[in-house]
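Student: I have just opened this entry. Can we go through it step by step?

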Protein chains: 2
Amino acid sequence: MDIHALTKELHTKSDSKIVMLVADGLGGLPMAPGGKTELEAANTPNLDAAATKGCLGRTIPVAPGITPGSGPGHLGLFGYDPVQYLIGRGALEATGIGFELTDKDVAIRCNFCTLDANGNIADRRAGRIPTEESAPIVERLRAIKIDGVEIFCEPVKEHRFVVVFRGEGLGGNVADTDPQATGVPPLDPVAHDEASQKTAKVAKQFLRQAREMLKDQPKANFHTMRGFAEKPALPSYEEVYGLKAAAIAVYPMYKGLARLVGMDIVGAAQTLDEQITLLEENWDGYDFFFVHFKYTDSTGEDGNFDARVKKIEEFDAVVPRVLALKPTVLIVTGDHSTPALLKSHSWHAVPTLLLSDCCRSDDCESFGENAARRGELGQIEAKYLMPLALANAGRLGKFGA
Amino acid sequence: MDIHALTKELHTKSDSKIVMLVADGLGGLPMAPGGKTELEAANTPNLDAAATKGCLGRTIPVAPGITPGSGPGHLGLFGYDPVQYLIGRGALEATGIGFELTDKDVAIRCNFCTLDANGNIADRRAGRIPTEESAPIVERLRAIKIDGVEIFCEPVKEHRFVVVFRGEGLGGNVADTDPQATGVPPLDPVAHDEASQKTAKVAKQFLRQAREMLKDQPKANFHTMRGFAEKPALPSYEEVYGLKAAAIAVYPMYKGLARLVGMDIVGAAQTLDEQITLLEENWDGYDFFFVHFKYTDSTGEDGNFDARVKKIEEFDAVVPRVLALKPTVLIVTGDHSTPALLKSHSWHAVPTLLLSDCCRSDDCESFGENAARRGELGQIEAKYLMPLALANAGRLGKFGA
């Protein structure tokens, strides 16, 4: 269902406030059969109190069985169908380093590679050259000039960097130049449609100049280009929900994702406490606040159950400061599960909490995977959280007479 | 959602094994208010133990309120949207008798009928002539020859039989010749599109020869043709899931449905025990096994609650042999409900069990309709079972970065 077709028509203005606290990768698993999940093992008196007053449910990020990356995971939470709205790889990589894409941009993921004397690829990752060595080489590529386009070259990590072409008439439909094999030469950038001919031509010129510039490098003597992508055309929060929205995140990826849906990026917090201070300071300026907490995911990726429990407790500890602001609607959720048991993102449903004065409380008295199964919200696709938030905030009119 | 668009891109290889045990028509109803369903009344220690370790849920075969036939019911379990992928009536009838359709075939359901002296239909079913009488007549129709096509005439039951035309350029879009009324003549086969002109022409010639051949029969002196259908274009299990799949079924219909999605039909078991022996013998050769048990449905159709309970207990008894093979993922479900109370297929949600090492166990300790409501899988469309199976088997990569 295209839920935005409804919310666009039905949203109304009000002075209500919505806070969405996202603990990345929140859902978990027990380490042994019959045990507790991370969220259940954690001591979370504040979330439990909120669960008692509010209601719980389980969100499916994309579809049952589908494990999302951060992009689709957050698009779902933001209410955008994550299958309909795909973020191209290049655009996601640029977003991830905080590069602000415009409608005139094509972003490209680049890998330094090593060519042998015959011009064939000997190493597709240039020996995973460390960032300290690769970043200065990327900066040297900024000397490349091509008529009719502005060019940005941004280091990412090790052999990876991003190139952005900015100009008129640049389509994103260009094939990768990485042949995904060694012993063969890199491919030419080939446009897959008419609108991307200029992009392919610019890419070819860029590669020619880069090859000349890099030829004396011991390892990174060339680079490939992959995931050509325009800025995804996402309608803004203002357009689909009538919300002035602020994002309070530490990591560039999540700021970038929020920016793609038209949220303002607020401040430059480095800790969760600083994030909540920013929430307090900006309370009057916005209708909606997205607060992102990374470490419930990274500790899961590390497979560290106990560290994840601690991070959940740290997350729980700021809840009173949030509630002191008296948000009309508080949502606490994750963009997917990251069970320490699996050391990776997973497909499992995400425990989700919604608190408002009119949310129909259930009999759940703690915030956890088991309790959430009995919750009022049931099991829903994550993209329905935003219409629920709007409804609970009194910001959604009646559909039909 | 087109879930195959995702699974096609995301599936990966592994040496994991998935077993899907389908008890046909598994879901039931109590015979009196407040009573137990057939599954709840049955003594199923093995399924209960699996429910305790694994997780439960409820599957909706097509949509709430929609009662599926065997075709859509199984397509849903196989992960194919049963509304998107329709199996034409002729193709289903041919499949049901074990006829192996090719891409060059058009299959047609035929009914013997009785014409009066004026050539009008007096009986649309030729007095439901018994199979012993009708089968030899169908065999005589095999003498019909038409240039440019190969013809197959196969008895089904009583007045029903199947005709298949095999050749180049045969479309399936031809109108029924059954006028659905008596006292009027049968209709001519009329093509509804250009691609089906040849089929209509062949059908007309077939009917002319059949009329001549049958004219002296006392009852079955002609036949109608209905449900013209090509082999449905279903992408294979290999294509959409990367799975080498085996079907172990007793009845031709279920072998046929499995064959349509590219499963290998393994052996010729006549009992459930023989089916499990085939599972054991073929364990190393396949990634996925579909095991079909018919009698939970047929006892429901008979309205025999107690017999259905016994069949469920017989089904339960083989579970230890399946688990002894250590499948990575075991799914136990049905293609729809067939409550003895209703003596027919029904729309009710189907209790479903999934067992794997990473399935997030719930607090369900028995396998039944009531318990399943509290299950981790929630209530999902049946077509999502396959992505869940792949995810639990470690065979599905991450969607998006």
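Tutor: Start with the sheet of chain B, in what is a predicted model. Eight strands make up an open sheet. Their pairing is mixed, and the order runs S9-S8-S10-S1-S11-S12-S2-S13.

Student: Which strands of chain B stand at the edges?

Tutor: An edge strand has a single partner strand, so one of its sides is left without a neighbour in the sheet. In chain B that holds for strand S9 (264–265) and strand S13 (379–381).

Student: In what sense do strand S2 and strand S12 of chain B pair?

Tutor: Strands of a sheet pair through backbone hydrogen bonds, either parallel or antiparallel. Here S2 covers residues 55–60 of chain B and S12 covers residues 350–355. Five bridges join the two strands, and their sense is antiparallel.

Student: Which residue in S12(B) is the bridge partner of B:Leu56?

Tutor: Look along S12(B) for the residue bridged to B:Leu56. That partner is B:Leu353.

Student: What relation links chain B to chain A?

Tutor: Chain B can be laid on chain A with an RMSD of 0.3 Å. The operation is a turn of 126 degrees with a shift of 0.3 Å along the axis. That is the relation of a three-fold axis.

Student: Which residue of chain B comes closest to the rotation axis?

Tutor: Judge this by the C-alpha positions of chain B. The closest one lies at 3.9 Å from the axis, and it belongs to B:Arg374.

Student: Which residues of chain B lose the most area to chain A?

Tutor: The area buried between chain B and chain A is about 2,200 Å². Carbon and sulfur atoms give 63% of that area. On the side of chain B, three residues together make up 36% of what is buried: B:Arg360, B:Phe399 and B:Ala401.

Student: Which residue of chain B forms a salt bridge with A:Arg58?

Tutor: The count between chain B and chain A is two salt bridges. In the one with A:Arg58, the closest N and O atoms are 3.0 Å apart. The partner is B:Glu376.

Student: Which element gives the most to the side of chain B that touches chain A?

Tutor: Helix H1 (3–10) and helix H15 (385–392) of chain B each give two or more residues to that side. The greatest share is four residues, and it comes from H15(B).

Student: How many residues on the side of chain B that touches chain A are nonpolar?

Tutor: Chain B brings 28 residues to the contact, and chain A brings 31. On the side of chain B, six are polar and seven charged, while the nonpolar ones number 15.

Terms used: Residues are numbered from 1 along each chain as its sequence is written. Chains are lettered from A and ligands numbered from 1 in the order in which they are written. This is a predicted model: local features need pLDDT of at least 70, side-chain atom pairs count only at pLDDT 80 or more; totals for chains, interfaces and linings use all residues. Side-chain values use heavy atoms; hydrogens and water are left out. Copies are superposed by least squares on the C-alpha atoms of residues with pLDDT of at least 70 in both. Contact means heavy atoms within 4.5 Å. Buried area is the accessible area (1.4 Å probe) that two parts lose on being put together, summed over both. A salt bridge is a side-chain nitrogen of Lys or Arg within 4 Å of a carboxyl oxygen of Asp or Glu. Ala, Val, Leu, Ile, Met, Phe, Trp, Tyr, Cys and Pro count as nonpolar, Asp, Glu, Lys and Arg as charged, and the others, Gly among them, as polar. Two strands pair if DSSP finds at least two bridges between them.
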